[in-house]
Amino acid sequence: MPNVSEGRDVAVIDAVGAGFASAARVVDRHQDPDHHRAVYTLAGEPGRLAEALLAGARVAVARIDLNEPRGSHPHVGALDVAPVVHFASALRGAACAEALLAADLIASELELPVFLYGVLGAGRTRAELRRGGREGLAKRLVEGELRPDFGPRQLHPTAGALLVAARGPLVAFNLELLPPADLASAKQIAALIREPGVLAAIGLTLPSRGGLAQVSMNVEDPFALPLATIVERVAEHAAVARAEIVGLVPGAALEGFPAALELAGFDPTRQVAENALTF
């Protein structure tokens, strides 16, 4: 599920997607102008996904300049994260091998520093690597606090760095809040509900939605924490206007989801993992 730091220029988003599609099937694409981010879900055989990630990375590095404003979502790279996801435990080893191969190929060809996170990175998180943004990461590299797992020991001048992992399913889940909830409210709610290793959450606003506040989350274990439970927790603090799922979701995570709550643009044929993928 590669994420790129471009959510507004359709030509660039299409070109990156075409790169990924050269060696894998693009199951889903989600682009967001406020987060300034596009998230692609790719499906492919072991041995081919690394080629697809490299092909898309070539385009992202060539066409996305992080020196231009990149929106509100935390990021350190043009191709910001590239987790290889295993939906079946039997494929965990293959996913790890594919992630390491992709990291090596991208770092070698594109001279891009690559950092591993999650199991491959001894448990460190995306948030740890993104602390302080691109400037903070560059400073820690210079000071020797960090060193990339692959590639050069300095950031790419326009494309930054890449974070790579192999992991099980994660659900990117957003909840828009009704006024009078504002940015401060969203940040406070995010702080109240987040759980390290279980639920990551940030608060932001959406200019394209008239400045509505949003709690944007990554559900690290959607089998243990259904989305309906998260809706309940957020609704204890503010009225929820609508929900959004980015990419794929295991069907089990949708059990009990409130029928009255709008799930913006959701297509179960394309976005429920069991429908979109062949296991």
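The following exchange examines how several terms apply to this predicted model.

Biologist: Why is His36 called buried or exposed?

Modeller: His36 has a relative accessible area of 4%, and buried means under 20%; therefore His36 is called buried. The residue belongs to the loop between strand E2 (25–32) and strand E3 (37–43).

Biologist: Which term, buried or exposed, fits Glu111?

Modeller: The relative accessible area of Glu111 is 57%, and exposed means over 50%, so Glu111 is called exposed. Glu111 is found in the loop between helix H3 (92–110) and strand E5 (114–116).

Biologist: What makes the phi of His36 notable?

Modeller: Phi of His36 is near 50°, a positive value in a residue other than glycine. Phi of Glu111 is likewise near 50° and positive. Most residues other than glycine have a negative phi.

Biologist: How do you know that strands E7 and E9 pair?

Modeller: Pairing requires at least two bridges, and seven bridges join E7 (residues 171–177) to E9 (residues 212–219), so the two strands pair. They run antiparallel, and Leu177 stands opposite Ala213 in E9.

Biologist: Why do strands E8 and E10 count as edges of the sheet?

Modeller: The open sheet has four strands in the order E8-E9-E7-E10. Strand E8 (199–206) and strand E10 (240–246) each have a single partner strand, so one side of each lacks a neighbour in the sheet.

Biologist: Which peptide bond is cis?

Modeller: The bond from Pro179 to Pro180 is cis, with omega near 15°. Pro180 lies in the loop between E7 and H6.

Technical notes
Residues are numbered from 1 along each chain as its sequence is written. This is a predicted model: local features need pLDDT of at least 70, side-chain atom pairs count only at pLDDT 80 or more; totals for chains, interfaces and linings use all residues. Side-chain values use heavy atoms; hydrogens and water are left out. Buried means under 20% relative accessible area, exposed over 50%, partly exposed in between (1.4 Å probe, protein chains only).
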